[in-house]
Amino acid sequence: DHCVTGVQTWCSSDLFFRVCSFPMSVSRVGLFVVLWAAVCGCGGNEGLQRPVQHVVLVGLDGLSVSALRRALRLGMASTLSALRQNGSFTDHARSVYPTLSLPNWAAVLQSTSPEFSGITNNHWDPATAAVAPLDGRFALIPDLFTAARAQQPWMWTGSYYSWPPLGRLLPPESAFNSTELAACDSPEECSSQERHLVERFLSDFPFNTTAPTLSFVYFD
């Protein structure tokens, strides 16, 4: 029962390197914060006309505004501080209700609210859901990756996450160029597993590709 932290947007070609250095210790209070490397340009009017090739969605599940501000004040979140200073952000975004992880990640990944998706709790399954999606009991609203691939079939996509229920919101593994689930149950285990996820992401990411890319890296 926490309020949403905010949605923060940056356009940065070196986001991959800066994200992997953020301190893991600040990510377990509240609901979530989402960092977007948006499909736009940065740096004035000239930058706005330059398309961004690579998009990375980084999710920190459990980071409240108050916890983030305290971490920033204590110098515990230097990467997030740099992103805020060099990008745009808000601390006043709101979550969908109920304020649980899966309904809110569905809102992010499917761009819809629970009254349309039927996702009202963290145990949601399309086959047994009490509230059917708007398009039918077994229908799934298209996710970000499916929609992007429909527009650009040659796009490279990857997903790396540590919370198994998220898999119910994502396309099948075969739809990704690279994907990995590293489940964890405790802060200590998640710290280790999620460092592995970052390493796997950086190892798999096609830095020299000429194709557009869309990646999702999630931390519990």
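How many disulfides does a search of the whole structure find? The search finds one. Bear in mind that this is a predicted model; here are some places I would look at with you.

1. **The disulfide.** The link is formed by Cys-184 and Cys-190, with their sulfur atoms 2.1 Å apart. The link is right-handed, with 90° about the S-S bond. As for its surroundings, both Cys-184 and Cys-190 are buried.

2. **A cis peptide bond.** Tyr-97 and Pro-98 are joined by a cis peptide bond, with omega at about 5°. Pro-98 belongs to the loop that runs between helix H4 (78–86) and helix H5 (101–110).

3. **A positive phi.** Ser-111 is not a glycine, yet its phi is positive, at about 55°. You will find Ser-111 in the loop between H5 and helix H6 (114–117). Is Ser-111 buried or exposed? With a relative accessible area of 66%, Ser-111 is exposed, because the cut-off for that word is over 50%.

4. **A serine inside.** Ser-159 makes a nice counterpart to look at: this residue of strand E4 (residues 156–161) has a relative accessible area of 0% and is buried. Its side chain has a polar contact of 2.6 Å with the side chain of Thr-179. Setting aside neighbours within four places in sequence, Ser-159 is in contact with Leu-170, Phe-176, Ser-178, Thr-179, Glu-180 and Phe-216.

5. **Aromatic pairs.** The structure holds eight aromatic pairs. One of them is formed by Trp-105 and Tyr-218, which meet edge-to-face at 5.6 Å centre to centre, with 75° between the planes. This pair links distant parts of the chain, since Trp-105 is in helix H5 and Tyr-218 in strand E6 (residues 213–219), 113 residues apart. Trp-105 is buried, at a relative accessible area of 0%, and Tyr-218 likewise counts as buried at 0% relative accessibility. Trp-156 and Phe-205 also form an edge-to-face pair, at 5.6 Å centre to centre and 75° between the planes. Here too distant parts of the chain are linked: Trp-156 is in strand E4, and Phe-205 is in the loop between helix H8 (187–204) and E6, 49 residues away. Trp-156 and Phe-205 are both buried.

6. **A cluster, and a charge over a ring.** Trp-156 and Phe-205 turn up again in one aromatic cluster, together with Tyr-160, Phe-201 and Phe-207. Elsewhere on your tour, have a look at Arg-84: its charged end sits over the ring of Phe-89, 3.8 Å from the ring centre.

7. **The largest nonpolar core.** In soluble globular proteins, nonpolar side chains tend to be buried together. Which residues have the most contacts inside the largest nonpolar core? They are Trp-105, Leu-166, Leu-169, Leu-170, Phe-216 and Tyr-218, in a core of 22 residues. Two or more residues of this core come from each of strand E3 (54–61), H5, helix H7 (144–151) and E6. The biggest giver is H5, with five residues.

8. **Leu-166 and the other core.** Neighbours within four places in sequence aside, Leu-166 is in contact with Leu-102, Trp-105, Tyr-161, Phe-216 and Tyr-218. Apart from the largest core lies another, of 19 residues, including Val-58, Leu-83, Trp-156 and Phe-219.

How values were computed. Residues numbered from 1 in each chain as written. Predicted model: local features only at pLDDT ≥ 70, side-chain atom pairs only at ≥ 80, totals over all residues. Heavy atoms only, no water. Helix = DSSP H or I, 4+ residues; strand = E, 2+ residues; numbered from the N terminus. Buried < 20%, exposed > 50% of the residue type's maximum accessible area, 1.4 Å probe, protein only. Disulfide = S-S within 2.5 Å. Polar contact = N/O pair within 3.5 Å; in protein donor to acceptor, adjacent residues only side chain to side chain. Contact = heavy atoms within 4.5 Å. Phe/Tyr/Trp six-rings, centres within 6.5 Å; stacked < 30°, edge-to-face > 60°. Lys NZ or Arg CZ within 6 Å of the ring centre and 35° of its normal. Core = buried A, V, L, I, M, F, W, Y, C linked by side-chain atoms within 4.5 Å.
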